[in-house]
Amino acid sequence: PVAFPPSSADSTIRAVFDYTYQSEEGKSGLLRQLSRDGSVASGADEFVLVASARAQRMAQLCQAEPLWSYSDLAESLDTFGRIIGGFLSLREPSFLQAFRSHEFLYYFMLLIHSFVHSLDPSATSVFLMVAREAVVNLQEWVDIPGVAETTTKAVRQLIKGGLLSVYLSFLIQKQSMLGTFERACGDLGQWIVNYSFYPSVHIAIMDGLSPSRIDQKQLLELFKRNEGHWTRQQWVALSCPLYSLGRQGLKYSKGNAFGICDNIFHVDRSLDLSTSGTHPQEDGKAHMSRECSGCHMSIYCSKECQLEDWKRSRHQDDCVHLAKFYTQQLENHSLLHSSTRMFQLAVLQESYRRCMKDGVPESLKQKSDVGDSGPLSELIICFNFIDSPAIRPESTPTLKRTSELSKLVISDSAAQGLSKRRLEGLLKSSTEGGNVQLVEGRFKLRELTRYVLARLRIFVGDDGTENPELATVLGGTSWDLVEQLSEPGAV
């Protein structure tokens with residue numbers, strides 16, 4: 001804990017940077033120098049511990065009486081980030097293991113948070129740009145497969161370290177900074193929203209948006225701006241999906257209380273309307289979800305439904321293919337747990353309820369009556385959670401023909417993890433009556449575009465009017481696209 005002269009940058013960080021810059025030998029040599037037993041793995045562990053301690057120390061210097069100038073702080077922060085990025089670019093397994101074994105991301109985010117909040121209003125925009133570049137580095141580090149024990153754990157570290165507060169500071173401090181900075185803010189906001197569709201990250205973001213974590217004066221200043229101002233729209237884009245859809249989604253999906261079941265033939269069973277559209281409960285207890293032990297991709301409300309789906313829907317044929325996909329997900333650290341899938345289905349249920357609250361929107365009525373599109377029951381209602389940053393997704397639905405979706409070819413390059421027989425069964429259940437509506441959601445999870453197809457049971461009264469508040473998700477399927485493809489048949 002030595003205070004360097006205000007007139008000089010951190011000579012230690014600079015020395016490490018000069019020794020390791022663009023040199024794999026230099027990086028490996030430094031890890032061996034730090035090693036307790038001569039191994040690279042031990043040196044990597046020590047390196048991350050030292051880097052975490054250094055980040056904490058720099059954060060303290062930002063919060064204390066200024067000993068450095070802003071330019072020295074900015075230079076040290078920039079060099080520090082270049083060093084870490086250089087080591088991560090090696091993709092050295094032992095370093096990646098050390099990187100995910102400690103809370104370095106939290107401490108580095110805390111450093112950025114301290115630096116941003118140490119800037120006074122007279123500080124030039126250059127320093128804010130340095131902080132922005134540091135946050136961009138964090139985004140890239142999080143997205144490297146294997147860097148964190150799980151990607152969601154890494155994002156939670158950033159949120160805990162003050163990512164949302166820094167994001168608000170970016171929006172509020174320099175509202176006149178347009179161009180590159182504006183686009184970077186938009187990308188950062190959308191990046192956070194995309195990860196919010198993991199339930200554990202969603203909960204962390206909700207906590208991060210609490211009054212105790214967000215500067216209320218900054219927030220008030222932001223909302224004094226015109227509704228059309230880009231900074232206000234960016235903040236609304238982050239907070240609206242969380243509060244309007246996610247909170248209800250968490251409520252519905254908690255413990256699978258509403259009995260999501262991937263057995264297509266569950267729709268034929270009688271439902272107890274007195275329970276607001278949920279599946280009937282035995283002895284007053286909530287349903288316990290059962291996950292297929294082979295592919296881990298299908299969820300059932302009971303053993304009976306699991307056995308029925310195995311035979312009637314021929315899940316025994318799909319399971320082999322899906323099990324291979326499950327193994328691939330484990331290997332590339334892209335596995336989505338059942339809780340995430342149930343949360344996304346619950347978000348789609350809430351989106352549909354809000355969309356249809358005042359009856360079928362005119363936009364959907366017009367589109368469903370055009371040409372050979374067919375009635376609404378033979379179309380899929382689609383919600384886009386990727387490309388509508390400043391608009392509530394539930395207010396801008398689109399339609400897709402079921403016939404087009406049925407042509408989707410299953411291959412590793414096009415529709416990974418998609419169960420062909422289940423898809424065919426879902427489409428059949430919606431077109432043969434039974435008050436079933438298919439609802440699709442498009443999400444962005446890391447580099448993948450995920451399509452979630454939900455099967456909703458619709459309740460229609462004696463007068464023929466639907467009660468959207470009773471619309472209940474029964475189950476569904478999903479598939480991932482490595483790159484965004486056009487949606488054939490969109491109408």
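In which loop does R91 lie? The close-up views below, all taken from a predicted model, begin with this residue.

**View 1. Two residues other than glycine with a positive phi, R91 and Q22.** R91 is found in the loop that runs between α4 (70–88) and α5 (93–101), and its phi is near 55°, a positive value in a residue that is not glycine. With a relative accessibility of 48%, R91 counts as partly exposed, because that class lies between the limits of 20% and 50%. Q22, which belongs to the loop between α1 (11–20) and α2 (24–34), likewise is not a glycine and has a positive phi of about 55°. The relative accessibility of Q22 is 67%, and Q22 therefore counts as exposed.

**View 2. The aromatic pair of W191 and Y195 in helix α10.** A search of the whole structure finds 19 aromatic pairs, and the pair shown here, W191 with Y195, is edge-to-face, with 4.9 Å from centre to centre and 70° between the planes. Both residues belong to helix α10 (residues 180–195), where they stand four residues apart, about one turn of the helix. An α-helix has 3.6 residues a turn, so residues three or four places apart point the same way. Both W191 and Y195 are buried.

**View 3. An aromatic cluster, and a charge over a ring.** One aromatic cluster is formed by F47, F80, F87, F95, F99, F104, F108 and W141. A further aromatic residue, Y106, has the charged end of K160 sitting over its ring, 5.3 Å from the ring centre.

**View 4. Helix α9, a mostly covered helix.** Of the eleven residues in helix α9 (residues 163–173), ten are buried. These buried residues are L163, L164, S165, V166, Y167, L168, S169, F170, L171 and I172.

**View 5. The crossing of helices α4 and α7.** The axes of α4 and helix α7 (residues 125–142) come within 10 Å and cross at roughly 15°. Because angles under 35 degrees count as roughly parallel, α4 is described as roughly parallel to α7. On the α4 side the contact is made by Y70, S71, A74, L77, D78, G81, I84, G85 and L88, while on the α7 side it is made by F127, V130, A134 and W141. The crossing of these two helices, α4 and α7, is left-handed. W141, one of the contact residues of α7, is also a member of the aromatic cluster in View 3.

Definitions and conventions: Residues are numbered from 1 along each chain as its sequence is written. This is a predicted model: local features need pLDDT of at least 70, side-chain atom pairs count only at pLDDT 80 or more; totals for chains, interfaces and linings use all residues. Side-chain values use heavy atoms; hydrogens and water are left out. Rings of Phe, Tyr and Trp (its six-membered ring) pair if their centres lie within 6.5 Å; planes under 30 degrees apart count as stacked, over 60 as edge-to-face and the rest as tilted. Buried means under 20% relative accessible area, exposed over 50%, partly exposed in between (1.4 Å probe, protein chains only). A charge sits over a ring if NZ of Lys or CZ of Arg is within 6 Å of the ring centre and within 35 degrees of the ring normal. Axes are lines fitted to C-alpha atoms, for helices over the stretch in contact, and angles run from 0 to 180 degrees between N-to-C directions. Angles under 35 degrees count as roughly parallel, over 145 as roughly antiparallel, 65 to 115 as roughly perpendicular and the rest as oblique. A crossing is left-handed if the near helix is turned anticlockwise from the far one by less than a right angle, and right-handed if clockwise. Contact means heavy atoms within 4.5 Å.
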